[in-house]
Amino acid sequence: MDGGANWLVMLTPAAIAIDRLSYRYPDGTPALDEVTLHINTGERVALIGNNGAGKSTLLLHLNGILQSPAVTVLGMPVEKATLREIRQKVGLVFQNPDDQLFCASVEEDVAFGPTNLRLPAEEVRRRVSESLGSVGLAGHEQRSAFHLSTGQKKRAAIATVLAMKAEILVLDEPTSNLDLRGRRELFEVLNAFPGTLVIATHDFEWAARLCPRMALFDHGTLLADGLSGAVMDQFTALK
Ligand code: ADP
């Protein structure tokens, strides 16, 4: 084994380290129970499980919408002091793209984050153009997201986080309401992403082509974590 490479692995913090995370919503509903999950930089992991298993709740902890000392992202605890940096590095794409697209044009939606970082106008323009290009939406800059197809909206929402140069892409049910073509186009966009990918979905056959690793949730607990084929078998048995 290459000793140098070994050291590098030891020195690079995990993209995501979750240690015994439990969460209960303010109304008392239990959502996560002692979940431990470590994801390395560059890994692609699908979180699978039935509705209500706790997948979305876990995702909300990754960019600090919910905060817990049990969660570390790129070596940083997710807390008030690190929130700004974490929100740049972790791009959370919501299930409903309408929650992410609220400007008059797609261009403005994608420029919104980089402009808030007070980047120079030229850099903002470059990021908008690159991110729309990489999700196959070049030429749609002036359209309102309202007039896009569901698949295009989902890809526009991904462009908003790519424009922030997110290193970790976190998606909640990305294929919901997509037809076959939309699913294929989304697959291609995500497959080209070089960073860490975390996808919560019950569309596990689509996700298996993208993610070699799966984590199976059930009633807030992590039931299985491993190679996608084996974890899918466990999910099917559970159903
Ligand atoms: P999944 O994403 O796997 O469908 P969720 O994380 O959305 O699961 O839900 C986990 C549990 O938390 C469920 O019992 C769900 O009803 C509950 N839950 C989710 N959001 C809220 C909320 N805002 N308030 C109270 N309970 C919630």
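Let me start with a network: salt bridges link E43, R213 and D225. Keep in mind that this is a predicted model. Across the structure there are 13 salt bridges. I'll take a few of them, then move to the pocket.

First stop, helix α3. That helix covers residues 83–89. Inside it, E85 and K89 form a salt bridge through their side chains, with N to O at 3.7 Å. The two residues sit 4 apart in the helix, about one turn. How accessible are they? E85 has a relative accessibility of 39%, so it counts as partly exposed. K89 comes in at 22%, and that is also partly exposed. The cut-off matters for K89, because buried means under 20%.

Now stay with K89. Which other residue does K89 bridge to? The partner is E167, and the closest N and O atoms are 3.5 Å apart. This pair links distant parts of the chain, with the two positions 78 residues apart. K89 is in helix α3, while E167 is in the loop between α6 (150–162) and β7 (168–172). E167 is partly exposed too, at 38% relative accessibility. So K89 has a bridge to E85 and a bridge to E167.

Next, helix α5, residues 121–134. Here the side chains of R126 and E123 meet in a salt bridge, N to O at 2.5 Å. Why about one helical turn between them? Because R126 and E123 are 3 residues apart in α5. Is E123 buried or exposed? It is buried, with a relative accessible area of 17%. R126 is partly exposed, at 42%.

On to the pocket. Rolling a probe the size of a water molecule over the atoms shows where empty space is left. The largest pocket holds about 620 Å³ of space. It is lined by 23 residues, and the closest to its centre are R87, F112, G113, V161 and M164. Which elements give two or more residues to that lining? They are α3, β6 (90–93), α4 (106–116) and α6. The largest share comes from α4, with 5 residues.

What about the classes? The lining has 12 nonpolar residues, 7 polar and 4 charged.

One link back to the start of the talk. Helix α3 carries the E85 and K89 bridge, and α3 also gives two or more residues to the pocket lining. Helix α6 contributes to that lining as well, and the loop that holds E167 runs between α6 and β7.

That's the tour. Questions, please.

Methods. Residues numbered from 1 in each chain as written. Predicted model: local features only at pLDDT ≥ 70, side-chain atom pairs only at ≥ 80, totals over all residues. Heavy atoms only, no water. Salt bridge = Lys/Arg side-chain N within 4 Å of Asp/Glu carboxyl O. Buried < 20%, exposed > 50% of the residue type's maximum accessible area, 1.4 Å probe, protein only. 1 Å grid on protein atoms, 1.4 Å probe; cavity = no way out; pocket = protein on both sides within 12 Å on 5 of 7 lines; lining within 4 Å. Points joined across faces, edges and corners; volume = space filled by probe spheres on them. Nonpolar A, V, L, I, M, F, W, Y, C, P; charged D, E, K, R; others polar.
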